[in-house]
Amino acid sequence: MFILAPAVALAAPDLSMPAGAVQSAGRATTLDSYALPLDVFQGGGVPMRQVEGAVSRTAWQVEGDATTTALYTPLRDQLIGDGFTPVVECATDGCGGFDFRYAIEVLPEPDMHVDLGDFLFLCAERGTGASQEFVTLLVSRSSQRGFIQITTIGPATAPPVPVAPQTATAVSSGDGSSIGAQLETRGAVALDDLVFQTGSAQLGDGDFASLRGLAAYLAGHPAAQVTLVGHTDAEGSLAANISLSEKRARSVMERLIRDFAVSPTQLSADGVGFLAPRASNLTEDGRKQNRRVEAMLASTR
């Protein structure tokens, strides 16, 4: 493990952000660990380097129709101008698409959103030895706004950034309007009312409002395609949890097809295990929040 010694840290808010950018989330710790991506997805995974130091994570949102490239390029140029050298720089499929996005650390929805068909990523470094710093830049957008995530690794010189308040994700009661709105503005929605049999990937019996709402949305938008993504807590091995999360996502897909007559062409399923938590795995409440299936809008047509 590489441990950073004290030095002057880069603070994400020091960058000149796009006009109208609003910080949606942020947290900073004086000593933390971070898995730094060193390359794009390569078959078995994304090569990582574990570093320790002060870690600052911030997310920003920009209303409007500025493209991902238009948001990314000025920030990238500022970092290069400040002496940072790219370690890895890639776009969407060149990064590894779905596999890359779920291998790297991303702040949770709705604060940060990543369109699997449109994102740009940069990992860069500056300095050597005790003065070495790292920064990652991730930019994507939804139909209505751009999303920017900046992570810096280096000793902190300022108090932690306050974390934006989190709100529970609502599900539709039946007509799909709530789920549809969240899919189109955030790109994803957690199906939080689902219940799985204990220790099983089998979805329990019940008339789940989230599935009725999702089915109604898909029926009204026949060109839409949704990927069901399973998530777990961090108990057990990564391989076992990825397998379990994918099986649970497939169980949800089968229920939508069987009981709600959703077209199989509109659905796919995958699992990422514990790679994308939305809460700490150190508490039972956090682990409960992390055990979920999300519907992610995979088509922008």
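## Helix α5 and what packs on it

In this predicted model, the buried residues of α5 are N241, S245, R248, A249, S251, V252, M253, R255 and L256. Among the elements covering them are helix α4 (209-220) and three strands, β9 (226-231), β10 (267-271) and β11 (292-297). So the list of buried positions mixes residues such as N241 and R255 with V252 and L256, and the cover over them includes both helix and strand.

How does the length of α5 compare with what 1.5 Å a residue predicts? The helix covers residues 238-260, which is 23 residues, so the expected span is 33 Å. Its end C-alpha atoms are 32 Å apart, and that agrees. Just past the end of α5, A261 has a positive phi of about 55°.

## S245, a buried serine in α5

S245 belongs to helix α5. Is S245 buried or exposed? Its relative accessibility is 1%, and buried means under 20%, so S245 counts as buried.

Leaving out residues up to four places away in sequence, S245 touches G230, H231 and T232, and also D270, G271, V272 and G273. With G273 there is a polar contact as well: the S245 side chain reaches the backbone nitrogen of G273 at 3.0 Å.

## R248 over a ring, and a second case

R248 is another of the buried residues of α5. Where does the charged end of R248 sit? It is placed over the ring of F196, 4.8 Å from the ring centre.

Elsewhere there is another arginine over a ring. R101 lies over the face of Y102, and here the distance to the ring centre is 4.0 Å.

## The phenylalanine cluster

The structure has 3 aromatic pairs. One of them is F100 with F119, a stacked pair at 6.5 Å centre to centre with 10° between the planes. F100 lies in helix α2 (residues 97-101) and F119 in strand β5 (residues 119-126), so this pair ties together parts that are 19 residues apart in sequence. On burial, F100 comes out at 0% relative accessibility, so it counts as buried. F119 is at 1%, so it counts as buried too.

F100 also pairs with F121, this time edge-to-face: the centres are 5.1 Å apart and the planes are at 70°. That pair again links distant parts of the chain, with F100 in helix α2 and F121 in strand β5, 21 residues apart. Both F100 and F121 are buried. Put together, F100, F119 and F121 make one aromatic cluster.

## Strand β11, enclosed on both faces

Back to one of the strands that cover α5. How many of the residues of β11 are buried? The count is 6 of the 6, so the strand is largely enclosed by the rest of the structure. R292, E294 and M296 point one way from β11, V293, A295 and L297 point the other way, and all are buried.

Two strand partners of β11 can be picked out. Strand β8 (residues 188-190) runs antiparallel to β11 and is joined to it by 3 bridges, with A190 standing opposite E294. Strand β9 is also antiparallel to β11, with 6 bridges between them; here L228 has A295 as its bridge partner. β9 and β11 are both among the elements covering the buried residues of α5.

Definitions and conventions. Residues numbered from 1 in each chain as written. Predicted model: local features only at pLDDT ≥ 70, side-chain atom pairs only at ≥ 80, totals over all residues. Heavy atoms only, no water. Helix = DSSP H or I, 4+ residues; strand = E, 2+ residues; numbered from the N terminus. Expected span 1.5 Å × (residues − 1). Buried < 20%, exposed > 50% of the residue type's maximum accessible area, 1.4 Å probe, protein only. Contact = heavy atoms within 4.5 Å. Polar contact = N/O pair within 3.5 Å; in protein donor to acceptor, adjacent residues only side chain to side chain. Phe/Tyr/Trp six-rings, centres within 6.5 Å; stacked < 30°, edge-to-face > 60°. Lys NZ or Arg CZ within 6 Å of the ring centre and 35° of its normal. Pairing = 2+ DSSP bridges.
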